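Me: I should like to go through this structure step by step, with a short reason for each answer. Let us begin with a single residue.

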Amino acid sequence: MACLHDHSCEDHNCAADWSLYNHVDFPKVVALNESVPGSVKAVFKPWEQRLDTSGGFLESNEGDPELLVFIPFTSDVKIKSISVVGGADGTSPSRMRAFINREGIDFSDAQNMQPVQEWELAENMQGALEYQTRYSRFQGVANLTLHFSDNFGGDTTKIYYIGLRGEATQNKRDVVATIVYEVMPNPSDHKTKSETGGGFSHVE
């Protein structure tokens, strides 16, 4: 992981600084095809705990490797990268597809819809790999759905950690405020920053 900061990342925990862990709306996180209901919440944890498996993990039902994970946020976020730590013996996910701001997606939707981006994954049991997003497409994200369609040959898919890196905006997820905003728009509120603005350092 290479950062374009004016400090050494060996001495400064960049991944933790840009973690979106504290902006995940945990009560509303859900997964389809999880073998243990509610177990998906265990895979979201601080960066420094990404290899700690004591809190549980997400596993698909036996004989069906697909998982669909819905991740809402407490405020709009910009997502720079995604990290996934999977299981051993072929149970790590091998493919990931992302959809943004689409609620209620099921497996049929995920298979037929065009994702915002998709990745071929490597087995990443040490949590060393991050998958960069097409950053301009991951702005103003209220919720993210990740579709893990296959694994490396295991009977189930196991995920121990999902990490999201980026930054949060000041646009809180408030239904009433959103309705007022849409009914009475203020033209100045619709101005957008440059994709490379806002002081965010890109990672290559």
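Me: Is Tyr160 buried or exposed?
Reply: A residue counts as buried under 20% relative accessible area, as exposed over 50%, and as partly exposed in between (1.4 Å probe, protein chains only). Tyr160 has a relative accessible area of 17%, so the residue is buried.

Me: What kind of model is this?
Reply: Residues are numbered from 1 along each chain as its sequence is written, and side-chain values use heavy atoms, with hydrogens and water left out. Local features need pLDDT (the predictor's confidence in each residue, from 0 to 100) of at least 70, side-chain atom pairs count only at pLDDT 80 or more, and totals for chains, interfaces and linings use all residues: this is a predicted model.

Me: Over which residues is the pLDDT below 50?
Reply: The protein averages a pLDDT of 83, and 75% of the residues score at least 70. Where pLDDT is low, the predicted coordinates should not be read in detail. Such caution applies to two stretches with a pLDDT below 50, namely residues 1-14 and residues 175-204.

Me: How many helices and strands does the protein have?
Reply: Both are DSSP runs numbered from the N terminus: helices are H or I with at least four residues, and strands are E with at least two. From the N terminus on, the order is α-β-β-β-β-α-β-β-β-β-α. The totals are three helices and eight strands.

Me: How is the pair of Phe57 and Tyr160 classed?
Reply: Rings of Phe, Tyr and Trp (its six-membered ring) pair if their centres lie within 6.5 Å; planes under 30 degrees apart count as stacked, over 60 as edge-to-face, and the rest as tilted. The structure holds four aromatic pairs. In the pair of Phe57 and Tyr160 the centres are 5.0 Å apart and the planes stand at 40°, so the class is tilted.

Me: How many residues apart are Phe57 and Tyr160?
Reply: Phe57, which is partly exposed at 29% relative accessible area, lies in the loop between β1 (30-32) and β2 (58-59). Tyr160 belongs to strand β8 (residues 158-172). The pair therefore links distant parts of the chain, and the separation is 103 residues.

Me: Which residue lies over the face of Trp47?
Reply: A charge sits over a ring if NZ of Lys or CZ of Arg is within 6 Å of the ring centre and within 35 degrees of the ring normal. One case is Lys80, over the face of Tyr135 at 5.5 Å from the ring centre. Over Trp47, at 3.8 Å from the ring centre, lies Arg50.

Me: Which strand gives the most to the largest nonpolar core?
Reply: A nonpolar core is a set of buried Ala, Val, Leu, Ile, Met, Phe, Trp, Tyr and Cys residues joined through side-chain atoms within 4.5 Å. The largest has 31 residues, of which Leu144 and Phe148 touch the most other members. At least two residues come from each of β3 (67-86), β4 (95-100), β7 (141-148) and β8. With eight residues, the strand that gives the most is β3.

Me: Which residue of β5 is the bridge partner of Ala98?
Reply: Two strands pair if DSSP finds at least two bridges between them. β4 pairs with strand β5 (residues 117-120) in the antiparallel sense over four bridges, and five bridges join β4 to β7, also antiparallel. In β5, Ala98 has as its partner Gln117.

Me: Which residues form the uncovered face of β5?
Reply: In a regular strand the side chains alternate between the two faces of the sheet. The covered face of β5 holds Gln117 and Trp119. The uncovered face holds Glu118 and Glu120.

Me: What distance separates the C-alpha atoms of His23 and Pro72?
Reply: His23 is found in the loop between α1 and β1 and counts as partly exposed at 24% relative accessibility. Leaving aside neighbours within four places in sequence, His23 has contacts (heavy atoms within 4.5 Å) with residues including Pro72, Phe73 and Ala168. His23 and Pro72 are 49 residues apart along the chain, and their C-alpha atoms are separated by 8.7 Å.
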